[in-house]
Every structure is written in structure tokens, then in C-alpha cells.
Amino acid sequence: MICMLKHHVLCAAFAAIFPLAPAIAQEFPIDTAGISKSVISETNAYRASKNLLALRENASLQAAATAYAKFLAEKEAAGHTADGQTPAKRVKAQGYHYCFVAENMWGGWHRPDPMGDDEAARNAMEDWKRSPGHNANLLSKQSVDIGIGAAAWRQSSDRVVFRIVQVFGKDCSGKSRPTGSFGDLMDAVSKQLR
């Protein structure tokens with residue numbers, strides 16, 4: 001009986017330290033439309049302060065940005081190719097016929113209480129303005145359209161992971177040959193060499 005009791009205590013201690021089933025990440029509710037509106041408004045105000053034209057919201061870019069933001073938040077991933085695709089491939093898959101595309105991605109997290117939607121949008125814009133590459137995307141004269149995606153996931157560690165993706169583009173439907181990204185060019189050359 002003593003051996004059995006020891007065994008149960010050890011099993012209980014082991015199970016407490018090493019749970020059998022890991023906790024699963026869950027989507028955390030945020031006001032995605034509000035974040036999108038806020039980021040687009042601030043982007044256009046920033047562009048106006050530099051005498052640049054306002055960008056117009058585009059549903060295809062919005063869909064690409066939203067899907068990628070969800071992927072990044074759920075997987076706690078970062079970067080512009082974390083899903084194995086380039087920004088150009090993601091917007092093309094949404095039916096956007098680009099001759100220019102660029103992307104900004106922002107990530108943050110809070111434990112255990114998440115940051116507010118306004119705080120996330122504000123932090124993303126402030127960080128993008130401070131980064132030379134992201135700032136260049138914000139102020140690109142080639143951009144005509146914009147789409148924003150936002151997502152948040154509560155991870156097993158009880159952190160709430162935020163991702164905001166901002167996609168810029170110029171739709172060249174009807175043009176004979178839109179130019180692709182450098183990655184698309186390399187893919188085309190690679191296919192020709194096979």
C-alpha cells in the first residue's frame with residue numbers, strides 16, 4: 001500500500017509539472033474593423049503631412065493582410081514570409097493584380113491582460129514611423145491602395161499576442177505585364193533554369 005501511495009503521489013507531481021495535453025491557443029476578440037480604420041486614418045494623416053496622396057482601402061489587400069495577421073498571431077510568428085509566401089503571392093491569391101506591393105508587419109504581446117485596440121494601433125504606427133524601411137512603405141509614392149489586418153491570440157503561456165499587417169499596393173489590372181517583387185523574379189528565373 002505504501003508503494004502504491006508513493007506511485008500516485010509521484011504520478012500526480014509528474015502530471016502537474018508535465019501536463020499530458022498542451023494548452024491550445026485561442027483567438028482573442030479585438031475590434032479588427034476599428035483597428036483597421038484607425039491605422040488607415042493615421043497612415044493617411046501622416047502621408048498628408050508629407051504632401052502625399054491618401055490611400056484608398058482595398059478589399060483584396062484587406063483580405064490578404066487579415067489572413068496573414070491571423071496566421072502570425074496564432075503561430076506567434078513574425079516576418080514577411082513566415083507562411084512560406086511573399087506579400088506579392090498573398091495579394092495575388094486574393095485577386096489583386098499588382099504592379100507594386102509592400103508590407104509592414106507589427107507584433108506585440110501583453111501578459112496576462114491584453115493591450116487595448118487603440119494602444120495596439122498606436123504602437124504599430126509609432127514603430128513603423130521609427131523604422132526606415134517601414135516608414136518608406138508608409139510614404140511610398142507608388143502606393144495607391146491599402147489593406148489592414150489585425151489579430152490577437154491568447155497563447156498557452158497566457159500571453160495575448162497581437163499582430164497587425166499593413167499591405168500597400170498599386171493595382172495594374174489591364175496592363176500587359178505587371179512587375180513582380182524580387183522574390184517573384186527569382187522564382188521565375190529558378191523555374192526557367194530547371
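1. A word on terms before anything else: contact here means heavy atoms within 4.5 Å. With that in hand, look at Ala121: leaving aside its neighbours within four places in sequence, the residue is in contact with Ile35, Ser38, Val39 and Ile164. Keep in mind throughout that this is a predicted model.

2. Staying with Ala121 for a moment, its place is in helix H5, which covers residues 117-130. Is Ala121 buried or exposed? Its relative accessibility is 2%, so Ala121 counts as buried. Val39, one of its contacts, sits 82 residues away along the chain, yet the two C-alpha atoms are separated by 6.0 Å.

3. Stepping back to the whole chain: there are seven helices and five strands. Reading from the N terminus, the order of elements is α-β-α-β-α-α-β-α-α-β-β-α. Of the contacts with a separation of 6 or more, 74% come from residues 24 or more positions apart. The Ala121 and Val39 pair, 82 residues apart along the chain, is an example of that kind of spacing.

4. On burial and surface: the chain has 194 residues, and 38% of them count as buried. The chain exposes about 11,400 Å². Carbon and sulfur atoms supply 58% of that exposed area.

5. Now the strands. E4 spans residues 145-154 and runs antiparallel to E5, with 10 bridges joining the two. If you want to check the register by eye, Ala152 stands opposite Phe162 in E5, and the bridge partner of Ala151 in E5 is Arg163. E4 also pairs with E2: two bridges join them, and here the strands run parallel. In that pairing, Glu57 stands opposite Ile146 in E4.

6. How enclosed are E4 and E5? Nine of the 10 residues of E4 are buried, so that strand is largely enclosed by the rest of the structure. E5 has 10 of its 12 residues buried, so E5 is likewise largely enclosed by the rest of the structure.

7. Gln62 is worth a click. The residue is found in helix H3, residues 59-75. Gln62 is buried, with a relative accessible area of 16%; the cut-off for that label is under 20%. Not counting residues up to four places away in sequence, Gln62 touches Ser36, Glu57, Gly147 and Ile148. Glu57 turned up in the previous strand discussion, as the residue opposite Ile146 in E4.

8. Which cysteines form a disulfide? Cys99 and Cys172 do, with their sulfur atoms 1.6 Å apart. Cys99 lies in strand E3 (residues 98-110), while Cys172 is in the loop between strand E5 (160-171) and helix H7 (182-193), so the pair ties together parts that are 73 residues apart in sequence. Both cysteines are buried. The count comes to one disulfide, the cut-off being sulfur atoms within 2.5 Å.

9. Rings and charges next. The count of aromatic pairs comes to zero. There are charges over ring faces to look at, though. Arg90 lies over the face of Tyr68, at 3.5 Å from the ring centre. Lys129 lies over the face of Tyr46, at 4.6 Å from the ring centre.

10. A backbone oddity to inspect: Asn51 has a positive phi of about 60 degrees although it is not a glycine. Where is Asn51 found? Asn51 is in the loop between helix H2 (32-49) and strand E2 (56-57). Its relative accessibility is 73%, so Asn51 counts as exposed.

11. Last, Gly133. This residue has its place in helix H6, residues 132-138. Gly133 is partly exposed, with a relative accessible area of 44%. Asn104 is 29 residues away from Gly133 along the chain, and their C-alpha atoms are separated by 8.8 Å.

Definitions and conventions:
Residues are numbered from 1 along each chain as its sequence is written. This is a predicted model: local features need pLDDT of at least 70, side-chain atom pairs count only at pLDDT 80 or more; totals for chains, interfaces and linings use all residues. Side-chain values use heavy atoms; hydrogens and water are left out. Helices (H or I, at least four residues) and strands (E, at least two) are DSSP runs, numbered from the N terminus. Buried means under 20% relative accessible area, exposed over 50%, partly exposed in between (1.4 Å probe, protein chains only). Two strands pair if DSSP finds at least two bridges between them. Accessible areas come from the Shrake-Rupley method with a 1.4 Å probe; for residues, only the protein chains shown count as cover. Rings of Phe, Tyr and Trp (its six-membered ring) pair if their centres lie within 6.5 Å; planes under 30 degrees apart count as stacked, over 60 as edge-to-face and the rest as tilted. A charge sits over a ring if NZ of Lys or CZ of Arg is within 6 Å of the ring centre and within 35 degrees of the ring normal.
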